[in-house]
Every structure is written in structure tokens, then in C-alpha cells.
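Got the viewer open? Here's a short tour, one selection at a time.

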Amino acid sequence: MTLASTSFVFGHEFWISPVQYSVTTDESIVADLRVGQNFKGGAYAYIPNNFVRFEIANGDEAISVEGRIGDRPALNMVPPHEGLWVVVHETTDNKLTYRDWELFTGFVEHKDLTGTVEAHLTRNLSKVGVKETYRRFAKSLIAVGTAAGADQDFGMRTEIIAEANPYVDDLSAGFPVRVMFEGAPRRDVQLEVFEKDPSGEVTVSTLRTDEEGRVHVPVQKGHEYNLDAVVMLPLEVQDPETDPAWQSLWAGMTFKVLD
């Protein structure tokens, strides 16, 4: 795909969008897969070729999401018991080409991918038609019944891990999360926070992780959240006409603080 507008470059988040963040034990978890910005984006159908992992998990119990090609919402299944269920989704790789150098540098600046532009120039790569491949690693926290339980490290290459349960724990000091890459904490990196209030108004802010990859996200009751953190990795380029120079890996998480 070719990126044609700054707003699209800055806003092409991928997130899991539940119809309800809290369901009873006999209700289905229903959720769309969305791409867009500020909690607005098109819903993508259930297409197995577009993902390598799609499951709901409670502790060590994980159940693959099964569906028919074209199903929308992409997730619609009844969990076998109550608890905190985590929707886990990893996409396949996708490619894009930045039409303008300014779009590439703007994206890098927006996501605080320090050193990327300098490394691109040091590698003597062209400013024209910069190519990138990207992959998404998304999670969503769903309360089923009592919602007892905890998020955990699901072994994705990059991942945001909730260190509290937003449906049962005290969040007066914020919602603690940890940002990981290849099993290690991401220190002093940006976490982007999309917050939607009950009226639908969305605000965007950024936080930084500490030396252990941790950060506390200020939260409010009745608000929905989408967290986002991006890793940018250099790739070997043999043919500049076809080979991507960079790989971005996106970690995301959605949840809601109930009234």
C-alpha cells in the first residue's frame, strides 16, 4: 500500500474492539478487528490468511478463535467459564511504501522511534519510496462474570502486559502495564494512550516507560483505552526496488474501566 496522507501515517493503529468489555457467563465475547485512528476505523472480517494467532485465553488456558471466512465481527464465541479473558491476536506481515520522505520522518517522530532517521541515512538508503514491513500484536481484556484472573506474558515478540486487572483491582494510582520486546522490558520508550470517554470524545497522550519497562496509565471510570507501543527494526536491503528497509512491530491493548 502507498501512504498518501500524514494523518493516515500517524493514525494507522490496529486494535481489538469489543462490543462489550463485560459479559455474563452465558454471553458471547464479540469483537471487531479495526484499523484506523482515534477509535474510529473500519472493521476487518475473519480471514485466516491475515493472522498467525487469534485466541481467547484465561491463564494458561487458550482457545483458538474459529470462524467462517468473512465473518464480521471477527470474534464471536462463548468462553467456557468466567474470569478475565484476554483476546490475543498476531497479524501476518504487511508491506507499505512511503510516498514522501516527510511522511516517513513524520511517522518516526510521532512514534518516537529514536535513531531511525539517522540510521537510514547512515546506511545510504534512498529517501524516495522508503519501504517498510509491519506486524501487529494486539490484546484486549474482557470481564466474564466475576472477571477474576490476571493478564500474562503470552510470548509474543512484542507485547503490552497488564499488571493489574482493570475490572476488579483498585486503579486509583493508575493502570500499571509493562512493555516488552523479545522477553525483555522496553526501557524509556513511548507508550501512546488513546482514551475515549462515555460521550465518544477521544483524547491522545503519551507516557514513557521506566527502567523496568513499566508505566502507570491514569484512567477514569467509564472510559475505554487503547494502548500502543512500536518497535522499529532495520532490515537488510539487497534490492532497493523491492526490499523493505525497516520492520515495525506494534504492541497494542484495549480495555475499559467500568462505572
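Start by selecting Thr-254: its relative accessible area is 0%, so with the cut-off for buried at under 20%, Thr-254 counts as buried. Keep in mind as you look that this is a predicted model. Thr-254 sits in strand β19, which covers residues 246-256. Now show what surrounds it. Leaving out residues up to four places away in sequence, Thr-254 touches Trp-15, Ile-16, Pro-18 and Tyr-21, then Lys-139, Ser-140 and Leu-141, and also Tyr-225 and Asn-226.

Hang on to Lys-139 from that list, since it takes you to the next stop. Select Glu-159 alongside it: the two side chains make a polar contact at 2.9 Å. Glu-159 belongs to strand β12, residues 158-162. Is Glu-159 buried or exposed? Its relative accessibility is 1%, so Glu-159 counts as buried. Beyond residues up to four places away in sequence, Glu-159 touches Lys-139, Gln-152, Asp-153 and Phe-154, plus Arg-178, Val-179, Met-180 and Ala-251.

Next, jump to Lys-131, in strand β11, which runs over residues 130-144. Which backbone oxygen does the side chain of Lys-131 reach? It's the one of Glu-241, at 3.5 Å. Expand the selection to the contacts of Lys-131, skipping neighbours within four places in sequence: you'll pick up Leu-96 and Thr-97, together with Pro-240, Glu-241, Thr-242, Asp-243, Pro-244, Ala-245 and Trp-246. For a distance label, try the C-alpha atoms of Lys-131 and Val-237: they are 10 Å apart, although 106 residues separate them along the chain.

Time to zoom out and colour by secondary structure. The protein chain has three helices and 19 strands. Its radius of gyration is 18 Å, close to the 18 Å that the globule rule gives for 259 residues, so the chain is as compact as a globular protein of that length. Along the principal axes, the C-alpha trace spans about 55 × 40 × 35 Å.

Switch to a surface view. The chain exposes about 11800 Å², with carbon and sulfur atoms supplying 47% of that. Of the 259 residues, 52% are buried. If you draw a contact map, look away from the diagonal: among contacts between residues at least 6 apart in sequence, 67% join residues at least 24 apart.

Last stop, colour by charge. There are 23 positive and 40 negative charges, and their mean positions lie 4 Å apart.

Definitions and conventions
Residues numbered from 1 in each chain as written. Predicted model: local features only at pLDDT ≥ 70, side-chain atom pairs only at ≥ 80, totals over all residues. Heavy atoms only, no water. Helix = DSSP H or I, 4+ residues; strand = E, 2+ residues; numbered from the N terminus. Rg over C-alpha atoms; globule rule 2.2 N^0.38 Å. Buried < 20%, exposed > 50% of the residue type's maximum accessible area, 1.4 Å probe, protein only. Contact = heavy atoms within 4.5 Å. Areas by Shrake-Rupley, 256 points an atom, 1.4 Å probe, with all protein chains shown as cover. Lys, Arg positive; Asp, Glu negative; His and termini not counted. Charge placed at Lys NZ, Arg CZ, Asp CG, Glu CD. Polar contact = N/O pair within 3.5 Å; in protein donor to acceptor, adjacent residues only side chain to side chain.
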